[in-house]
Amino acid sequence: VTDRAHVLDALGTVHDPELDEPITSLRFVTSCDVSADGDVDVRLRLPTPQCAPNFAFLMAADARDAVRRLPEVREVTVVLEGHYTGDEINGAVGRGEAFAGAFPGETEGELDALRELFHRKALVARQSGICEPLLAAGATAEEVAALRVPDLPDDANARRCLELREHLGISTDAGAAAFVLPDGTPIAAADLTHWLRMARLVRTSLEANGGICRSLLRIRYDIPDPEEAAA
Amino acid sequence: MYEKDGEKYFVMDSHIHFWDASPENWVKGQENYAKGWIECFHAYQSLGPPETHWTIEKFMKYSEEDFVKDVFEEGHVDIGVFESTYLKEWYTEGFNTTERNARMAEKHPGKLITNGRWDPRDGDAGLAQLEQDAATYGLKGVKLYTAEWKNGSRGWRLDSPEAEPFLEKCEELGITNIHVHKGPTIWPLDKDAFDPVDIDIAATSHPKLNFIVEHVGLPRIEDFCFMATQEPNVYAGLSVVVGGLMFARPRFFAKVMGELLFWVGEDKMLFGSDYGIWEPKWQVEGLVDWNYPDDTFSDFPAVTTASKKKILGLNAAKLYGVDVPEEYRLPDEAGTPAAREDAELVEGAA
């Protein structure tokens with residue numbers, strides 16, 4: 001039988017699509033219980049009852065999928081609590097249905113395009129976080145543009161970049177450029193400064209939103225936030 | 001007005017409310033939404049300094065005395081702009097309607113501007129109502145909330161064919177200031193409801209109208225900035241940026257302000273307190289005292305006394321045709337212009 005730690009690890013692979021952070025570190029997982037028979041019950045919470053339904057659905061559905069992939073898991077229940085479309089989302093997720101199942105007639109398609117859009121934003125933002133310290137340490141634009149995938153630092157940011165590249169169908173081969181546009185085109189040395197100016201804005205936007213989300217979650221559920229004072 | 005270190009600031013608060021979200025005003029059967037909405041707002045208030053927090057009871061319905069004290073007497077505000085918000089699906093008499101706001105404005109001549117609203121889903125009746133409201137209240141602006149629910153519909157877009165006659169009517173009636181607030185729901189639900197592209201399209205086709213994007217497009221600051229840098233008639237409404245970040249997340253606040261000064265520029269940024277979510281006093285005083293925290297911000301545009309005078313009031317005064325007394329004005333060409341990136345670069349980026 002899978003133990004709770006494995007389930008939490010699996011939930012740690014689920015990202016808030018908008019903020020590109022794991023739902024576990026965002027503290028969106030309220031509880032996670034594993035019965036002796038291997039039934040799993042996960043409760044999720046969000047910073048406000050009005051968080052966007054499409055992103056809320058993705059997190060609930062992704063959480064269910066991630067836990068179901070574990071061996072020796074039986075029934076998996078994922079419940080999003082305290083959300084204004086919770087009934088619709090929980091119903092569809094519980095039945096294993098897609099987004100349109102939660103909101104019949106209110107969607108044109110599924111959420112793949114939305115997810116891809118935010119993967120692109122996340123890749124831009126994360127790359128800027130790797131690129132900036134290199135330039136600050138004295139690397140030239142030419143040197144940064146010449147870096148290949150194996151030159152990326154061995155940290156969570158870079159690992160997530162590679163995951164995002166895989167989601168977006170961008171090569172992660174050893175010969176591929178370390179820094180790319182969301183369509184996979186390598187960033188040329190001449191464009192680096194301008195690209196970084198924009199990429200930094202995308203990162204600031206994600207960080208500021210994440211900051212507000214964390215503050216609101218802390219207030220809503222009265223939980224301390226150790227990072228707040230430092231931000 | 002606010003005076004500090006010999007400098008006089010004319011304060012125009014471009015985003016204030018006088019709402020009634022008390023249980024007596026909740027629509028039967030919609031209590032959960034009415035309660036959830038105001039509780040969510042109340043949580044935002046907690047992002048400000050602790051001594052400015054209110055009880056939920058006061059927050060649901062504050063008095064006229066509270067309003068006068070918080071905004072005019074202690075809040076340094078010379079002129080406030082009411083951003084009327086209806087939400088009649090949830091609040092019987094509306095959340096803060098033009099009518100309710102105008103009643104307050106009448107009692108404080110010259111100190112309050114009441115903005116109206118329209119909703120393209122109201123069709124011809126809505127157009128007629130807009131004409132009537134323009135005549136009754138002398139509207140110079142409207143506040144649009146695109147995520148408002150109506151008869152089963154969860155929102156609308158500014159570039160829809162239904163919205164076009166309303167924008168044309170605004171031009172005709174001289175309602176030049178279009179404040180837009182994006183919210184979490186819009187049809188179809190599989191799209192990003194916060195994407196400001198519809199504002200971009202409307203701003204391009206209506207160059208005589210000013211589009212003030214409330215809360216700088218949060219949570220899509222980047223999309224907003226890339227748009228505002230290309231559209232001369234798109235402005236940044238700073239409510240929530242100041243109230244939600246300046247105290248709670250000062251480093252993020254500095255970054256966001258730096259980006260706005262770079263992409264949008266100090267001539268197109270408007271202070272807004274979002275009162276009653278946050279009192280204007282600490283926001284006005286904090287903004288006047290504010291600067292970047294350290295030299296890691298050195299490649300952002302400098303912020304000067306002139307920048308702050310523009311942001312706190314002079315920019316909004318220009319949009320609303322307010323005659324600012326001589327002693328508060330700036331000599332022409334004061335301050336730092338925005339360092340605009342070219343549009344082509346933006347197009348290619350994301």
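Which residues of strand S9 of chain B point one way, and which the other way? I would like to begin there, keeping in mind that what we are looking at is a predicted model. From strand S9, which covers residues 234–237 of chain B, B:Val234 and B:Ala236 point one way, while B:Tyr235 and B:Gly237 point the other way, and all of them are buried. As a general matter, side chains in a regular strand alternate between the two faces of the sheet. S9(B) is joined by three bridges to strand S8, residues 210–213 of chain B, and the two run parallel; within that pairing, B:Val213 has B:Ala236 as its bridge partner.

Let me turn now to the interface between the chains, where 45 residues of chain B are in contact with 48 residues of chain A. Between them the two chains bury about 4,300 Å², with 59% of that on carbon and sulfur atoms. On the chain B side, the residues that lose the most area to chain A are B:Leu189, B:Asp190 and B:Arg249, which together account for 17% of what that side buries.

As for polar features, eight salt bridges are found across this interface, and A:Glu207 and B:Lys255 meet through their side chains in a salt bridge at 3.1 Å, N to O. There are also 19 residue pairs in polar contact across the interface, both residues being at pLDDT 80 or more. Several helices of chain B each supply at least two residues to the side that touches chain A, among them H1 (31–45) and H8 (221–228), but H10(B) gives the most, with eight residues. Taken by type, the residues on that side of chain B divide into 29 nonpolar, three polar and 13 charged.

Technical notes. Residues numbered from 1 in each chain as written. Chains lettered and ligands numbered in written order. Predicted model: local features only at pLDDT ≥ 70, side-chain atom pairs only at ≥ 80, totals over all residues. Heavy atoms only, no water. Contact = heavy atoms within 4.5 Å. Buried area = accessible area lost by both parts, 1.4 Å probe. Salt bridge = Lys/Arg side-chain N within 4 Å of Asp/Glu carboxyl O. Polar contact = N/O pair within 3.5 Å; in protein donor to acceptor, adjacent residues only side chain to side chain. Helix = DSSP H or I, 4+ residues; strand = E, 2+ residues; numbered from the N terminus. Nonpolar A, V, L, I, M, F, W, Y, C, P; charged D, E, K, R; others polar. Buried < 20%, exposed > 50% of the residue type's maximum accessible area, 1.4 Å probe, protein only. Pairing = 2+ DSSP bridges.
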